[in-house]
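Trainee: I'm new to this one. Could you walk me through how to read it, feature by feature?
Mentor: Sure, let's have a look together.

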Amino acid sequence: MHHEEIITATIEFVKQKLANAEGAHDWWHIYRVWKLAKYIAKHEKVDMLTVELGALLHDIADFKFHNGNERIGPKIARDFLTSLGLDDSIINHVAKIIENVSFKGEAHIQPFKSPELDVVQDADRLDAIGAIGIARAFAFGGYKKNPLYDPRIKPKKNMTKEEYIKNNPPTINHFYEKLLLLKDRMNTKTGKKLALHRHKFMELFLEEFFAEWEGKK
Ligand code: ADP
Ligand code: NI
């Protein structure tokens, strides 16, 4: 199979798998991450097919929606890529990307690294910040029935993976527990540049939010 055919088949597979997904993790999140990953990858020395497949399959079965099971996503991706007849080396690499792409709390240390994972992870993190990031956070918070904000509940620092997964914070706290930390965790030069712009936009949003909360604007 040629590159284009592999990508087209993968897009069809992902669209169908995510047909009933909630708004923050639907096909359009995958579409944005895929586009961003291709853009970032232009300036990096990476295997483009691995990057594209990693981006397209990275949320195929997110552990958050599968009772914390982190093995389902890589397994579904492996089975699918095997059915296309791809080489084991690329299948293993894509599975590693899926296992390691996700943010699992401030204190979690990521056990695997590669230039291709760096690109996919930057793209995924960029889609969690800026204007889209704000929209996704409130979509996800609403889906979880979390409050927008509760001034009595302070953001938690340095959570472990277990604490982070159990946590159901008011959505504004999620900005302090994750979203505002992402700009300093970007891997690539292009990712860092895009993240800085999106970060500033979130800071402005929070400033306005708190002013409006107290009826000051
Ligand atoms: P990753 O893409 O690293 O796996 P997540 O799946 O945890 O990250 O996050 C996906 C999206 O859901 C992001 O836009 C993120 O901000 C949002 N999200 C995750 N947890 C929360 C939360 N507790 N409150 C609000 N939004 C959240
Ligand atoms: Ni994602």
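Mentor: We'll go through the metal site, a helix, salt bridges, aromatic rings and some backbone angles, keeping in mind that this is a predicted model.

Trainee: Let's start with the metal. Which residues are the protein donors of the nickel ion (ligand 2)?

Mentor: To read a metal site, look for the atoms that reach it. Here the nickel ion (ligand 2) has His29 and His58, each through NE2, and Asp59 and Asp124, each through OD. Those donors lie 2.1 to 2.3 Å from the ion.

Trainee: How are the donor residues spaced in sequence?

Mentor: The pattern for the nickel ion (ligand 2) is H-x28-H-D-x64-D. Take His29 and Asp59: His29 sits in helix H2 and Asp59 in the loop between helix H3 (48-57) and H4, so the pair ties together parts that are 30 residues apart in sequence. His29 and Asp59 are both buried.

Trainee: And why is the arrangement around the nickel ion (ligand 2) called irregular?

Mentor: You go by the angles. The four donor atoms subtend angles of 84 to 172°, which makes the arrangement irregular. Four donors would count as tetrahedral if all angles lay between 85 and 135 degrees. Just remember that water is not among the atoms, so a site may look incomplete.

Trainee: You mentioned H2. What span should the 15 residues of H2 have?

Mentor: For a helix, you compare an expected length with the one in the model. At 1.5 Å a residue, H2 should span 21 Å, and its end C-alpha atoms are 21 Å apart, which agrees.

Trainee: Which residues of H2 are buried?

Mentor: The buried ones are Trp27, His29, Ile30, Val33, Trp34, Leu36, Ala37, Ile40 and Ala41. As for their neighbours, the buried residues of H2 pack against helix H1 (3-17), H3, H6, H7 and H10.

Trainee: Now salt bridges. How many does the count come to?

Mentor: The count is eight salt bridges. To read one, check the closest N and O atoms, then ask where each partner sits. Asp127 and Arg32 meet this way, at 2.7 Å from N to O. Asp127 lies in the loop between helix H6 (115-126) and helix H7 (130-143) and Arg32 in helix H2 (residues 27-41), so this pair ties together parts that are 95 residues apart in sequence.

Trainee: Is each partner buried or partly exposed?

Mentor: Asp127 is buried, at 2% relative accessible area, while Arg32 is partly exposed at 22%.

Trainee: What about a salt bridge inside one helix?

Mentor: Try Lys75 and Asp79, whose closest N and O atoms are 2.6 Å apart. Both lie in helix H4 (residues 72-83), four residues apart, or about one turn of the helix. Lys75 is partly exposed at 48% relative accessibility, and Asp79 is partly exposed at 42%.

Mentor: One further case is Asp150 with Arg152, at 2.8 Å from N to O. Asp150 is buried at 12%, whereas Arg152 is exposed at 73%. Salt bridges can also share partners: Arg32, Asp127 and Arg136 are joined into one network.

Trainee: On to the rings. How many aromatic pairs are there?

Mentor: There are 14 aromatic pairs. One of them is Trp28 with Tyr31, an edge-to-face pair with centres 5.2 Å apart and 75° between the planes. Trp28 and Tyr31 are three residues apart in helix H2, about one turn, and Tyr31 is partly exposed at 30% relative accessibility.

Mentor: Phe138 and Phe205 also form an edge-to-face pair, at 6.1 Å centre to centre and 65° between the planes. That pair links distant parts of the chain, with Phe138 in helix H7 and Phe205 in helix H10 (residues 189-213), 67 residues apart. Phe138 is partly exposed at 22%, and Phe205 is partly exposed at 23%.

Trainee: Which residues form the aromatic cluster?

Mentor: Phe138, Tyr149, Phe175, Phe205, Phe209, Phe210 and Trp213 make up one cluster.

Trainee: Last, the backbone. Where do I find a positive phi in a residue other than glycine?

Mentor: Look at Lys145, with phi near 60°. Lys145 is in the loop between H7 and helix H8 (161-166) and is exposed at 75%. Asn158 has a positive phi too, of about 50°. Asn158 is found in the loop between H7 and H8 and is partly exposed at 49%.

Conventions: Residues numbered from 1 in each chain as written. Chains lettered and ligands numbered in written order. Predicted model: local features only at pLDDT ≥ 70, side-chain atom pairs only at ≥ 80, totals over all residues. Heavy atoms only, no water. Salt bridge = Lys/Arg side-chain N within 4 Å of Asp/Glu carboxyl O. Helix = DSSP H or I, 4+ residues; strand = E, 2+ residues; numbered from the N terminus. Buried < 20%, exposed > 50% of the residue type's maximum accessible area, 1.4 Å probe, protein only. Donors = N, O, S within 2.8 Å, 3.2 Å for Na, K, Ca; no water. Tetrahedral: all angles 85-135°; square planar, octahedral: opposite > 155°, others 65-115°. Phe/Tyr/Trp six-rings, centres within 6.5 Å; stacked < 30°, edge-to-face > 60°. Expected span 1.5 Å × (residues − 1). Contact = heavy atoms within 4.5 Å.
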